[in-house]
Every structure is written in structure tokens, then in C-alpha cells.
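Reader: I should like to understand how the terms applied to this structure are justified. May I put some questions to you?

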Amino acid sequence: MDEQTFIINGMHCLACTKLSAKRIKTIEGVIDALVDLDSKIARIKATRPITTKDINAVLADSDYRAEDNND
């Protein structure tokens, strides 16, 4: 199992983080997703590499957008 982090922009409240995490969990291979409002970081545990394209596909009809977290 691999853990990756991404920046999620466009979130304003805890409901935003819950919705983002719920949608990210629908991506094939994702086991768990936690999204933090303050840091805007999504921590994703998955059985395969997840891309920003994967995340942005499930967030497409929202104001949220993922970008790589090059920390």
C-alpha cells in the first residue's frame, strides 16, 4: 500500500474536506483518504499510484482542484 499527498485548492470549510475525501475514495485503488482544511493536504492510501488527473476527474463538478504536493 502506497501513501501519497496532494494539495486540494478551493476548499473553504469542513464540509468541503468531507466531500473531497468522499469523492477521492471512489477512485479505483484508493483505500482511504483524509483531507485537512488548514494545510489543504489530502493524504491518500492506495494500492496503485494516484494522479492529479484521477483526483480532478472525481472533483470535476466542484470548485476543488488537486495539484502535486512536491514537499
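Reader: What makes the contact between the side chains of R23 and D61 a salt bridge?

Author: This is a predicted model, in which local features need pLDDT of at least 70 and side-chain atom pairs count only at pLDDT 80 or more, while totals for chains, interfaces and linings use all residues. Residues are numbered from 1 along each chain as its sequence is written, and side-chain values use heavy atoms, with hydrogens and water left out. A salt bridge requires a side-chain nitrogen of Lys or Arg within 4 Å of a carboxyl oxygen of Asp or Glu. R23 and D61 meet at 2.5 Å, N to O, so the pair qualifies.

Reader: Which parts does this pair tie together?

Author: R23 lies in helix α1 and D61 in the loop between α2 (52–58) and β4 (65–68), so parts 38 residues apart in sequence are tied together. Helices (H or I, at least four residues) and strands (E, at least two) are DSSP runs, numbered from the N terminus.

Reader: Why is D61 called exposed?

Author: Exposed means over 50% relative accessible area, buried under 20%, and partly exposed in between (1.4 Å probe, protein chains only). D61 has 65% relative accessibility, so the residue counts as exposed.

Reader: How do you know that K25 and D32 form a salt bridge, and why are both called partly exposed?

Author: Their side chains meet at 3.7 Å, N to O, so the cut-off is satisfied. K25 has 42% relative accessibility and D32 has 27%, so both count as partly exposed.
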